[in-house]
Amino acid sequence: MLAFPFLLMITFSCIQSDDVEIQKKAREANSNIWIFMMTGQSNMAGRGAIESQDLITNERIITINKVNEWVIASEPLHFYEPSGAGLDCGMSFAREMLKHVPDSITIAMVPCAVGGSSIFQWLEDKEHRGVRLLSNFREKAQLAKQRGVIKGIIWHQGESNANPDDIPVYQDALLDLFSTFRAITQNDQLPIVMGELGRFATPEEKAANFEKINAVIGKTAQENENLYVISSEGLNHKGDNLHFDSASQRELGRRYAEMIQSTTLK
């Protein structure tokens with residue numbers, strides 16, 4: 001009479017053990033997906049020409065498509081402005097990251113940047129080009145956390161705020177927005193890397209305002225923990241004195257990755 005309950009208890013114990021192992025493996029698998037949020041405006045969203053070398057995919061580089069499915073990443077990563085979408089720095093960033101992480105790691109790039117967006121539109125969660133900026137980031141961050149671990153944010157923005165009215169308050173706006181990003185991701189130490197604006201703006205007055213934004217970005221990184229900045233020195237525009245060309249986008253991605261792996265992943 002005791003045999004059946006005893007056998008049932010053993011079977012139930014084994015099922016529980018199997019469930020624990022499955023859940024453990026799922027957690028381990030998720031921890032091997034390192035997610036980076038791509039935020040800002042057009043130079044992060046991409047305006048470079050996509051060339052043959054950019055079309056090479058890698059099963060260890062994934063992204064979210066326009067219907068929120070996880071897929072192997074391919075160019076263009078950004079999809080909010082189909083007529084203007086081009087090469088951004090995301091794939092270059094991911095390829096460089098793979099050189100510095102274990103073979104078990106998958107890099108996930110999550111596009112959130114929308115061209116022409118002001119930092120105040122981000123802060124106020126305004127709709128820009130059909131995208132409610134902060135709500136979109138929140139949605140993508142929730143999807144990211146279900147899939148893996150958000151390891152950092154790469155940010156490139158400031159062209160829209162390079163004017164005498166916005167420059168004096170740009171640092172406070174950056175800190176407010178980054179605080180919101182960290183609250184959404186539930187990580188108050190989340191690394192955020194900012195990219196300098198291009199050093200090729202014209203006319204002279206506009207170039208001076210771009211440099212003032214760059215000075216604010218540098219000061220913000222210097223004064224605050226887990227904020228970093230990468231230089232735009234030597235990068236070129238695609239002929240419009242505003243958007244990085246394809247070679248510069250690839251270099252931008254490499255610089256972001258170099259900063260992430262050298263300062264935040266040790």
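## Aromatic cluster, cores and backbone of a predicted model

Trp122, Phe137, Trp155, Phe178 and Phe181 form one aromatic cluster in this structure, which is a predicted model. A search of the whole structure finds nine aromatic pairs. One of them joins Phe79 and Tyr80 in a tilted arrangement, with 4.6 Å from centre to centre and 50° between the planes; Phe79 and Tyr80 are both buried.

The protein has 266 residues, of which 49% count as buried, and its secondary structure consists of eight helices and nine strands. Among the contacts with a separation of 6 or more, 76% are between residues 24 or more positions apart. The accessible surface comes to about 12,800 Å², and carbon and sulfur atoms account for 52% of that area.

### Two nonpolar cores

The largest nonpolar core contains 43 residues, and Met37, Phe137, Trp155 and Phe181 are those with the most contacts inside it. Helix 6, residues 170–185, gives the most to this core, contributing seven residues. A second, separate core has 31 residues, including Trp34, Ala94, Leu98 and Phe244.

Phe137 belongs both to the aromatic cluster and to the residues with the most contacts inside the largest core. When neighbours within four places in sequence are left aside, Phe137 is in contact with Met37, Thr39, Cys112, Trp122, Ile153, Phe181, Ile184 and Thr185.

### Strand 1 and its partners

Strand 1 spans residues 33–40, and because eight of its eight residues are buried, the strand is largely enclosed by the rest of the structure. Both of its faces are covered, with Ile33, Ile35, Met37 and Thr39 buried on one side and Trp34, Phe36, Met38 and Gly40 buried on the other. Met37 is one of the residues with the most contacts inside the largest core, whereas Trp34 is included in the second one.

Strand 1 runs parallel to strand 4 (residues 106–111), to which six bridges join it, and Ala108 is the bridge partner of Ile35 in that strand. Strand 1 also pairs in the parallel sense with strand 7 (residues 149–156), here over seven bridges, and Phe36 stands opposite Gly152 in strand 7. A further link concerns the side chains of Trp34 and Lys151, for the charged end of Lys151 sits over the ring of Trp34, 4.6 Å from the centre of that ring.

### Helix 3 and Ser92

Helix 3 is also largely enclosed by the rest of the structure, because eight of its nine residues are buried. The buried residues are Gly90, Met91, Ser92, Phe93, Ala94, Glu96, Met97 and Leu98, and they pack against strand 1, strand 2 (61–64), strand 4, strand 7 and helix 8 (246–263). Two of the names in this set, Ala94 and Leu98, are also included in the second core.

Ser92 lies in helix 3, residues 90–98, and counts as buried at 15% relative accessibility. Although Ser92 and Gly253 are 161 residues apart in sequence, their C-alpha atoms are 4.9 Å apart in space. Beyond its neighbours within four places in sequence, Ser92 is in contact with Gln249, Arg250, Gly253 and Arg254.

### Backbone details in the loops

Two cis peptide bonds and two positive phi values are collected in the table below.

| Site | Backbone feature | Value |
|---|---|---|
| Glu75 to Pro76 | cis peptide bond | omega near -10° |
| Thr202 to Pro203 | cis peptide bond | omega about -5° |
| Asp125 | positive phi, not glycine | phi near 55° |
| Asn241 | positive phi, not glycine | phi about 55° |

Pro76 is found in the loop between strand 3 (70–72) and helix 3, while Pro203 lies in the loop between strand 8 (192–195) and helix 7 (204–223). Asn241 is placed in the loop between strand 9 (227–230) and helix 8, where it counts as partly exposed at 22% relative accessibility.

Asp125 sits in the loop between helix 4 and strand 5 and is buried, with a relative accessible area of 16%. Glu124 is likewise located in the loop between helix 4 (119–123) and strand 5 (127–128), but Glu124 is partly exposed, with a relative accessible area of 47%. The C-alpha atoms of Glu124 and Leu134 are separated by 7.8 Å, the two residues being ten residues apart along the chain.

Technical notes: Residues numbered from 1 in each chain as written. Predicted model: local features only at pLDDT ≥ 70, side-chain atom pairs only at ≥ 80, totals over all residues. Heavy atoms only, no water. Buried < 20%, exposed > 50% of the residue type's maximum accessible area, 1.4 Å probe, protein only. Helix = DSSP H or I, 4+ residues; strand = E, 2+ residues; numbered from the N terminus. Pairing = 2+ DSSP bridges. Contact = heavy atoms within 4.5 Å. Areas by Shrake-Rupley, 256 points an atom, 1.4 Å probe, with all protein chains shown as cover. Phe/Tyr/Trp six-rings, centres within 6.5 Å; stacked < 30°, edge-to-face > 60°. Lys NZ or Arg CZ within 6 Å of the ring centre and 35° of its normal. Core = buried A, V, L, I, M, F, W, Y, C linked by side-chain atoms within 4.5 Å.
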